[in-house]
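Visitor: I have the sequence and the model on my screen. Could you walk me through the reasoning behind the terms you use?

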Amino acid sequence: MADEIRALGNFEQAVEGEDLVFSYSTNTGSDVLAVDHVSFSIKRGEYVAVLGRNGSGKSTLAKLINLLEYADGGKLRVFELDASDDDNFWTIRSHCGMVFQNPDNQIVGTTVEEDVAFGPENLSVPLPELAQRVQKALGYVGLLEMADRQPSALSGGQKQKLAIAGVLAMQPEILILDESTSMLDPKARDEFLQLVARMRADKRISVIHITHDMHEAFLADRVIVLEHGQMRLCDTPSEVFSQVEVIRSLGLELPKWAELLWEVARICEVEVDKSAFTSEEKAIETITSILKNKKADLKKEMPAPRTPLSEKVVLRVNGLSHSYGKKEKKAISDINFDVREGEILAVIGHSGSGKTTLISHLNGILRPLEGQVEVLDASTGEFLSTAKNAEIKKIRKHVGLLFQYPEHQLFEETVEKDIMFGPKKMGYSEERCKELLMESLPLVGLSEDVLSRSPFELSGGQKRRVAFAGILAMDPDVLVLDEPAAGLDPVGQNEIFGYIQQLKEKGKSIILVSHDMDKAAMIADRILVLKKGEQVFFGTPRELFSEKTDFVRMRLDRPLLMNTMLSLKKEFPYADEFEFDYKRAALSLVFGNEEVSSS
Amino acid sequence: MIKDVSIGRYYQADSVLHRLDPRVKVFLFIVYMVTVFMADTAIAMAASFGVILYLTFLSRIPVMEVLKSVRPIVFIMIFIFVLNLFTNRSGETLWSWGVLVITDDGLKRAILLAFRLFLLIIVTGLLLSLTTTPLKLADALESLGSPLKVIHVPVNEMAMTISIALRFIPTLVEETDKIMKAQSSRGAEYDTGNIFQRAKGYVTVLVPLFVSAFKRAEELATAMDARCYKGGVGKTKLHPLRMKGSDWLWMVLLTATAFLPVLVDLLWKIK
C-alpha cells in the first residue's frame, strides 16, 4: 500500500457508490448483509442525512466511504478516485473526517491540543504548520482557552467540538457524523449543528450525517433511508417525509407538525396530498383549510380522560442540599418537591444542572448535606428517611433507580441471574425471586427464551430492557429513570415510553430525568426544572409554558408541537396549545369549539 | 466516592527543574543514583544532603511536599535500619541484651543505609515524579529508547500505549463510580462483610468495567484508524523534545553537583 497522500484535483462528485455490497459473519457462522446493493452519490458540498433503525447498515455504509471497511462488491469512487486502488487509500482516508457517537471513545490525546494534533501528526505535517493548524482548528470551534486542559475536564458538548477540531486540522473534504449528536443535550446539540453548518458554508465540505432525529434530517439537502441494508428512499427531506406511510412503516418518526396534520386529516376523514407534508408552513395551511371545510357530522372522538393527581404522597424532599466537598459550591441547593402515587414527574435541566446528584439522593446513594429525603413504607404507612443507615436497605426496596445507559451494569453470566441479582440482595426467598423475575419480563416486553442467554450477546435495545427488568424485579413503588430512552432509535424509544406509561397505570410512581422537553411535556403529570443546582420550577406542564412562567429565562425551549399549535391558534382561538400530545392536540383542533359552544 | 485521582504525584510549579528537558532529568536521575550509592561516609552523606537541599530549592516545591514522597516507604526504611542494626556484629559492642547486640559499626551501617534510601526517594521525587508529568516522562523514554528500534522494539507504540492509558484513567475512574452507584441501587454492598464477600461485591463492578473497557478500546481503535494512525512511522510531533542551551548548561552543572559529595569525601580523606 502506497503511503503517499496526494493533493486532490478538482472534483465535483465527493462520493459515487454503485451497487455496493458488504457482509460480515456473525458468531453463529451465518453471513449478514449489512449493505445490500446500494447505489448513491454525493456531490461536493452536499449535506446528506442517513436515517434508519439501529442495525440498518447506516454506520457500515459510512465506513465504506473512508475505507474503514472494504466493500465486497460494487464500485466506489471517492473524490473521483477509485477506492479499490490501494494507491488512493491514504489520499481518500486523509480527506474524510469522522466524528463518532461517544465523545469519550474518540479522544486520543492527553491534552486538548495534543488530541487535535493527532490527525495531522499521523499525516506527517511538519512544524510550524502543525502548530498553526491546531491553533486554527481550536479557534474555529471555540476551544482555544482549553488547549492545555485534560479532555476529562470538558463537557460532552465540548468533547464533540474537540472531535470536530481534530477532524478540521486534517483539512477534510467530507465530514461523516455517526450519530454524533445523540449523546448531547439540546443546547450542546444546537451548538454542534451550528458549527457544522458554519464549516459547510466556509469550506464547502460535504457532510454525511447519520441520525435518528427527524428535525436534524430536515436540515439536510438530501435524505437517504436505509432498511436492512437496502436503500428505501433517497430524496430531498420534504419529498422523503411526504411519504408518510413509508416513513411510518420503516419505524421512523415524523416531525411533530407532520404528525399533527396526519392526525387531523384522519379524524376529519380527509385525504391529504403528500405535498402538504413538505414544510411546516404548508402543513399549517393544510390543517387550516381542512378545519374550515370539515364536515358537520364527524364521528366525535373524545380524548382519554386524565386521571387526577393522587393525594397520596409516596416520596418527599425537603430543603435538600448537597455539595461534593466542604469548599465546593453546592451541586444542588434547597430542593423541595413531593411525588404522588401513580404520578410521572419529569426532572428537566441541562447537563450539569444537578439532575444526577438529585436522583442519587432518592434511594440514599448520596446522603443530604441539609434537608431530608423521605420515602413512604406502604406496609406501615410511615415514612423512612435516607438519613438513617438502618433504613437505607428498605428504601432501596421501595425506590428503584436506573441510571443512564443502564446496560453498562449487566455483569452476570445469564439474563436470569442478572435480573435476579437485585431481588436476592433485597433478601427475598428463592421462589419469590423467581416470581418477581417472571413478573418483570412482560413489563418490558422480554420473552422467557432470553433468560438463559448471556446479557452480553443481546442487542443494545434488549440489554437496556434486561437492565430495566433488573430494577422492576425488585418491585419498587417509585421508579427513578435517568434518560431511559437515550441512544435508542425512535421505535426503541417509543417502546420504552410505552412501558413507562403502563407502569404508571399499575400505580407505580415514576421520576423521569430527561432533556427532551417534548417527551416530558407529553407524558409528565408534573415537571421539576433544575438550573445550576437550583429548583426554578415545580408544577404541571401547562403551568410551565403559560404566560406567567418565565421559561425563556430558564433556558428552556417550548415544545415543538406547541409552536405549531400557537400558529394555528390565530385562526382557531379555541385550540388548546397546552396539549403536548399530537393526538390530543388534533382533537382539540377539530372538536375544541364544539365543547365551547355546548357548554 | 472516588474523586480527584492524580497519576503519580506531579506538583505544579514553575521552576528550573520543571522546565528541564525530561531526557536530561532521566539522565541526571541515573547519575544521582550512582553518586548516592558512592557516598558511604558521614561526610559524604552530609554533603549529599546539602545537594538534595539545593535541588529542593531549585524545584520550588515546599519542603513538606517533598518529604511526603517518603511516607510510603517509611516502613521499609525502619525495617532496613533495624535489620542492619542487629545483624552487624563487627566493631565495639554498644549495647546487648540476650542475643540482641548493637555494635558501633552496625549503628553506622544502619543509619547509612536508611539515610541512603531516604536520599534516593527524594531524588526520584525531585527529578521525576514531582516535576515531570507522566506524559513527558513517556516522551523521554520514547526518545531515549529510540535506538532500540534497530532491534525491532516497538518504542513508539509503547509510548502511545502509555499515553492512551494515562488519557483513559480519569474516564475509567468516572465509569467505576457510575457502575458502583448503579449496583448499589440494586443492593450490592462494597464496605460490609468479610474479605470474600467484599471481593464478590467487586465482581459486580469489575465485569461491567472490563466489558466497557474492551468496547472503548474497539471504538478508540476505529477512531484512530479514521484519523490515519499508522504507527510511529513518519509521525510528527506537536511538542517535540528539543534540547536548548539552558538544558545543556543545567545538565553539566547538575552532573557536577552530583559528584560534589564524592569530591568532598576525597578531599577530607587526603587531609
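Guide: Happily. Let me begin with a definition: two residues are in contact if their C-beta atoms, placed from the backbone, lie within 7 Å. Keep in mind that this is a predicted model.

Visitor: What do the buried residues of helix 14 of chain A pack against?

Guide: By that contact criterion, they pack against helix 15 (430-443) and helix 16 (460-472) of chain A.

Visitor: Which residues of helix 14 of chain A are called buried, and what makes a residue buried?

Guide: A residue is buried if 20 or more other C-beta atoms lie within 10 Å of its own. In helix 14 (residues 415-425) of chain A, the buried residues are Val415(A), Asp418(A), Ile419(A), Met420(A), Phe421(A), Gly422(A) and Pro423(A). After the helix comes Gly427(A), with a positive phi near 90°.

Visitor: Why is chain B called more spread out than a compact globule?

Guide: Let me first give its make-up: chain B has 10 helices and two strands, and from the N terminus the order is α-α-α-α-α-β-β-α-α-α-α-α. For its 271 residues the globule rule gives 18 Å, but the radius of gyration is 24 Å, well over that value, so chain B is more spread out than a compact globule. Its C-alpha atoms fill a box of roughly 70 × 55 × 40 Å along the principal axes, and 26% of its residues count as buried.

Visitor: Back to chain A: what makes strand 2 and strand 5 the edge strands?

Guide: Two strands pair if there are at least two bridges between them. Four strands of chain A form an open, antiparallel sheet in the order 2-1-4-5. Strand 2 (31-43) and strand 5 (81-82) of chain A each pair on one side only, and they are the edge strands.

Visitor: How do you know that strand 4 and strand 5 of chain A pair?

Guide: The cut-off is at least two bridges, and strand 4 (residues 73-78) and strand 5 of chain A have two, in the antiparallel sense. Val78(A) stands opposite Leu81(A) of strand 5. Helix 1 (residues 58-65) of chain A packs on the sheet, touching strand 1 (13-25), strand 2 and strand 4 of chain A.

Visitor: Where are the domains of chain A, and how far apart are their centres?

Guide: Domain 1 takes in 266-299 + 561-598, and domain 2 takes in 313-557. Their C-alpha centres lie 35 Å apart. The contact takes five residues from domain 1 of chain A and six residues from domain 2 of chain A.

Notes:
Residues numbered from 1 in each chain as written. Chains lettered and ligands numbered in written order. Predicted model: local features only at pLDDT ≥ 70, side-chain atom pairs only at ≥ 80, totals over all residues. Buried ≥ 20, exposed ≤ 12 C-beta atoms within 10 Å, placed from the backbone. Rg over C-alpha atoms; globule rule 2.2 N^0.38 Å. Axes fitted to C-alpha atoms, helices over the stretch in contact; angles between N-to-C directions. Domains from an automatic or database assignment.
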